[in-house]
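I opened this notebook to record what I looked up, entry by entry. The topics are salt bridges, helix packing and a few individual residues.

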Amino acid sequence: MPKESRSDESPSSSLVPTYAARALEHEVPKFTLPEQSMLPATAYQIIHDELRLDGYSMLNLATFVTTWMDDEANKLMGTALDKNMVDRDEYPQTAQIEQRCIKMVAELWNAPDHENAVGTSTIGSSEACMLGGMGMKWRWKARREAAGKSTDKPNLIMGANVQVCWHKFCRYWEVEPREVTCEGDRYTLSPEEAVKLVDENTIGVVGIMGSTFDGRYEPIEELSQALDEHEKRTGIDVPIHVDGASGGFVAPFLQPEIKWDFRLPRVKSINASGHKYGLVYPGVGWVIFREPEDLPEELVFHVKYLGGDMLDLSINFSRPGNRIIGQYYNFLRLGKSGYRKVHEASRAVARSLSKRIGELPAFDLITDGSDIPVFCWKLDDEYAKTANFTLYDVAEKLRERGWLVPAYPMPRNRSDLVVQRVVVKEDFSLDMADNLFTDIKRVVDFYESHPEQGPTAENAGFHH
Ligand SMILES: *Cc1c(COP(=O)(O)O)cnc(C)c1O
């Protein structure tokens, strides 16, 4: 078949039952738009085959993001692929559903008046954090201007373990980041150290419910108390934004007794990723403000909606509406008891697998998956002295079997410490955990029985 005849191919000109009608004999251009068209089935086959190289998302224990939803959710979201979330006047029912989700999330986080709560869905937590951060910056600016003081040098306090979106926030919105560094075995923010960094230019403190590095909750209530005491001494009132990207949809179900949310008056805004433990495929996050006055009017645009007015707070314009429908489906389908059961199951898997890993002489647990179902471990200090492998080697060897279990250094001041982490999600069963454990043990056995084999792998560039 001459090269050009692959284009515009008609089924009758080829042997139809053969693989993609024999249209795959030639390479498709990778960096230029093809001149000619091809049959849908051919394009489908080419791309479908290529995507197999991505591996199975179910074996991706690096990601916090949902890799499974049930059939009804898939069906519902499939029929709503055409809905643009921004067209609230055109898709008023989807807009209604978004508003209901906002109130439900506000209630889950104990907002004082959840039916009048303000907030928005976003494309993910990164956008939600930007909006929460902007809320802090604009409120601080208004307070400073009212007092006739300079607004030149805003700063934001956070742990060195923050997700990269907070570094982006600080750089994009010209806010000085003030980091509480790790110290010894503490890999999260310490309230005492955070308070030491406060001054009159502090727009707020970010507390994390579910640190990306080790899955631990930060002590938000103690942080709030430390800031109360600091305010009594100095008169400086510093708000808290809670980054609950993962824990915002875990703590209300698994640890309802922990006070981290709007029960603390100092918490003015909270974000979470619907696509993490909200159990929706990638493309949805939430940010909620404690009360309408906590959302600066300057950040709000107004859109037409069924002849009325609706608040529009976003950085992005067009985005998929079906993710919000997927979120609403989960809320109705699971309810509070369903979320609790799903997450209890994940936590049970995390605890059982972490226990077995921790019992191996090679490893020491840092966290066991009791906060969010995420845990990490390090090489045992004694064992490491004579070990002929690193955690990067373990990660690389596991990858040969399809498992993605990243190894990476802890944040600044403890970046000498390399850890390996597992994020347990709904689709990771006890049986799969057992398979993973067997493979981890096999890797250790391999190195122990090949003393001539030295460490080879290096940091493969894992990004938080
Ligand atoms: C994942 C994560 C983010 C970013 O969330 P996206 O939804 O991926 O944009 C921010 N903060 C924390 C703590 C996270 O775990």
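Strands, as I use the word here, are DSSP runs of at least two residues in state E, numbered from the N terminus. The model is predicted.

**Entry 1. The loop between S6 and S7**

I began with histidine 275, which sits in the loop joining strand S6 (267-273) to strand S7 (285-289). I asked whether histidine 275 is buried or exposed. Its relative accessible area is 10%, and because buried means under 20%, histidine 275 counts as buried.

I then listed its contacts, leaving aside residues up to four places away in sequence. Histidine 275 touches Phe64, Val65 and Thr66, then Ile123 and Gly124, and finally Val280, Tyr281, Pro282, Gly283 and Val284.

Leucine 279 belongs to the loop between S6 and S7 as well. I noted its phi, near 70°, as a positive value in a residue other than glycine. Leucine 279 is buried, with a relative accessible area of 6%.

**Entry 2. Another positive phi**

I looked up asparagine 413, in the loop between strand S12 (407-409) and strand S13 (418-423). Its phi is near 80°, a positive value in a residue that is not glycine. Asparagine 413 has a relative accessibility of 47%, so I recorded it as partly exposed.

**Entry 3. Salt bridges**

How many salt bridges does the structure hold? I found 26 of them, and I examined several individually.

Aspartate 70 pairs with arginine 333, with 3.3 Å between the closest N and O atoms. This pair links distant parts of the chain, its members being 263 residues apart. Aspartate 70 lies in the loop between helix H1 (40-51) and helix H2 (71-79), and arginine 333 lies in helix H9 (residues 322-359). I noted aspartate 70 as buried, since its relative accessibility is 16%.

Arginine 216 forms a salt bridge with aspartate 214, and here the closest N and O atoms are 3.4 Å apart. I compared the burial of the partners: aspartate 214 is buried at a relative accessible area of 0%, whereas arginine 216 is partly exposed at 28%.

Lysine 385 bridges to glutamate 382 with the closest N and O atoms 2.7 Å apart. Both residues belong to helix H10 (residues 381-386), and the three residues of separation amount to about one turn of the helix. Because exposed means over 50% relative accessible area, lysine 385 at 62% is exposed, and glutamate 382 at 52% is exposed too.

I also recorded a network of salt bridges that links Arg88, Glu98, Asp312 and Arg319.

**Entry 4. Helix H3 against helix H9**

Two packed helices are described by the angle between their axes and the distance between those axes. I therefore looked up both values for helix H3 (residues 92-108) and H9: the axes come within 9 Å and cross at roughly 50°. The two helices are oblique to each other, and H3 passes H9 in a left-handed crossing.

Which residues meet at this contact? From H3 I listed Thr94, Ile97, Glu98, Arg100, Cys101, Met104, Val105, Glu107 and Leu108. From H9 I listed Ile324, Ile325, Gln327, Tyr328, Phe331 and Lys336. By class, the contact of H3 with H9 comprises nine nonpolar, two polar and four charged residues. Glu98, one of the H3 residues in this contact, is also part of the salt-bridge network in Entry 3.

**Entry 5. Alanine 73 and glutamine 327**

I followed glutamine 327 from the H9 side of that contact to alanine 73. The C-alpha atoms of alanine 73 and glutamine 327 are 9.0 Å apart in space, while the residues are 254 apart in sequence. Alanine 73 lies in helix H2 and is buried, with a relative accessible area of 1%.

**Entry 6. Helix H11 against helix H12**

I last examined helix H11 (residues 391-399) and helix H12 (residues 430-448), whose axes come within 10 Å and cross at roughly 120°. That angle makes H11 oblique to H12. The crossing of H11 past H12 is right-handed.

On H11 the contact is made by Asp393, Val394, Lys397 and Leu398. On H12 I listed Leu436, Asp439, Ile440, Val443, Phe446 and Tyr447. Sorted by class, the contact of H11 with H12 has seven nonpolar residues, three charged residues and no polar ones.

How values were computed. Residues numbered from 1 in each chain as written. Predicted model: local features only at pLDDT ≥ 70, side-chain atom pairs only at ≥ 80, totals over all residues. Heavy atoms only, no water. Salt bridge = Lys/Arg side-chain N within 4 Å of Asp/Glu carboxyl O. Helix = DSSP H or I, 4+ residues; strand = E, 2+ residues; numbered from the N terminus. Buried < 20%, exposed > 50% of the residue type's maximum accessible area, 1.4 Å probe, protein only. Axes fitted to C-alpha atoms, helices over the stretch in contact; angles between N-to-C directions. Parallel < 35°, antiparallel > 145°, perpendicular 65-115°, else oblique. Left-handed = near helix turned anticlockwise from the far one by under 90°. Contact = heavy atoms within 4.5 Å. Nonpolar A, V, L, I, M, F, W, Y, C, P; charged D, E, K, R; others polar.
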